[in-house]
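Please look over the sequence and the structure shown here before reading on. The report that follows goes from the surface to the interior.

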Amino acid sequence: QLCINYANERLQQLLVERLFKAELKLYTVEGVPVPGGAAAASFADNLGCVEMFSASPSGIFRLLDSQCISPQATDAKFIGSVNMTHSTSPF
């Protein structure tokens, strides 16, 4: 389920990047007014969350991989490493 959700978030991020951000940039370059201003054209951007999972070398998938190859790995050690690495993350 985690991998499915991650794949969906990556697809959503691609959509946000290619559609919304690119269109707003194009509008700005061409001087096309956005009703309510660019700030009014809001959309969910979960890039930080996606990067928290996939970043190298401290992403959650990397941490999980390192725990999987360790003979003394436990759920508690994995959770501890995730908490230690990402304790300042807003996600």
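## A nonpolar patch on the surface

On the surface of this model, a nonpolar patch is formed by Leu-15, Leu-19 and Phe-20, which together have about 240 Å² of accessible area. The model is a predicted one, and the values below are computed from it. Leu-19, a member of the patch, is placed in helix α1, which spans residues 2–30. Leu-19 counts as partly exposed because its relative accessible area of 39% falls between the limits of 20% for buried and 50% for exposed.

## A salt bridge in helix α1

Helix α1 also holds a charged pair, since Glu-17 and Lys-21 both lie in this helix, four residues apart, or about one turn of the helix. The two residues form a salt bridge in which the closest N and O atoms are 3.6 Å apart, and the structure holds one salt bridge in total. Glu-17 is partly exposed at 40% relative accessibility, and Lys-21 is likewise partly exposed at 25%.

## The largest nonpolar core

Turning to the interior, the largest nonpolar core is made up of eight residues, namely Tyr-6, Val-50, Met-52, Phe-53, Ile-60, Leu-63, Phe-78 and Val-82. Three helices, α2 (47–54), α3 (60–68) and α4 (75–86), each supply at least two residues of this core, and the largest share, three residues, comes from α2. Within the core, Ile-60 touches Met-52, Phe-53, Phe-78 and Val-82, and Ile-60 also touches His-86, when residues up to four places away in sequence are not counted.

## Two buried polar residues in helix α4

Which residues does His-86 contact, leaving aside its neighbours within four places in sequence? They are Met-52, Ser-58, Gly-59, Ile-60 and Leu-63, and among these, Met-52, Ile-60 and Leu-63 belong to the largest nonpolar core. His-86 is placed in helix α4, as is Ser-81. Both residues count as buried, because His-86 has a relative accessible area of 15% and Ser-81 also has 15%, while the limit for buried is under 20%. The side chain of each residue reaches a backbone oxygen, as the table sets out.

| Side chain | Backbone oxygen | Distance |
|---|---|---|
| Ser-81 | Phe-78 | 2.8 Å |
| His-86 | Ser-58 | 2.8 Å |

The backbone oxygen that the side chain of Ser-81 reaches belongs to Phe-78, and Phe-78 is itself one of the residues of the largest nonpolar core. For His-86, the backbone oxygen is that of Ser-58, a residue also listed among the contacts of His-86.

Notes
Residues are numbered from 1 along each chain as its sequence is written. This is a predicted model: local features need pLDDT of at least 70, side-chain atom pairs count only at pLDDT 80 or more; totals for chains, interfaces and linings use all residues. Side-chain values use heavy atoms; hydrogens and water are left out. A nonpolar core is a set of buried Ala, Val, Leu, Ile, Met, Phe, Trp, Tyr and Cys residues joined through side-chain atoms within 4.5 Å. Buried means under 20% relative accessible area, exposed over 50%, partly exposed in between (1.4 Å probe, protein chains only). Contact means heavy atoms within 4.5 Å. Patches are made of residues with over 30% relative accessible area and no salt bridge: like charges are joined within 9 Å, nonpolar side chains (Val, Leu, Ile, Met, Phe, Trp, Tyr) within 5 Å. Accessible areas come from the Shrake-Rupley method with a 1.4 Å probe; for residues, only the protein chains shown count as cover. A salt bridge is a side-chain nitrogen of Lys or Arg within 4 Å of a carboxyl oxygen of Asp or Glu. A polar contact is a pair of N or O atoms within 3.5 Å; within protein, one must be able to donate a hydrogen and the other to accept it, and residues adjacent in sequence count only if both atoms are side-chain atoms.
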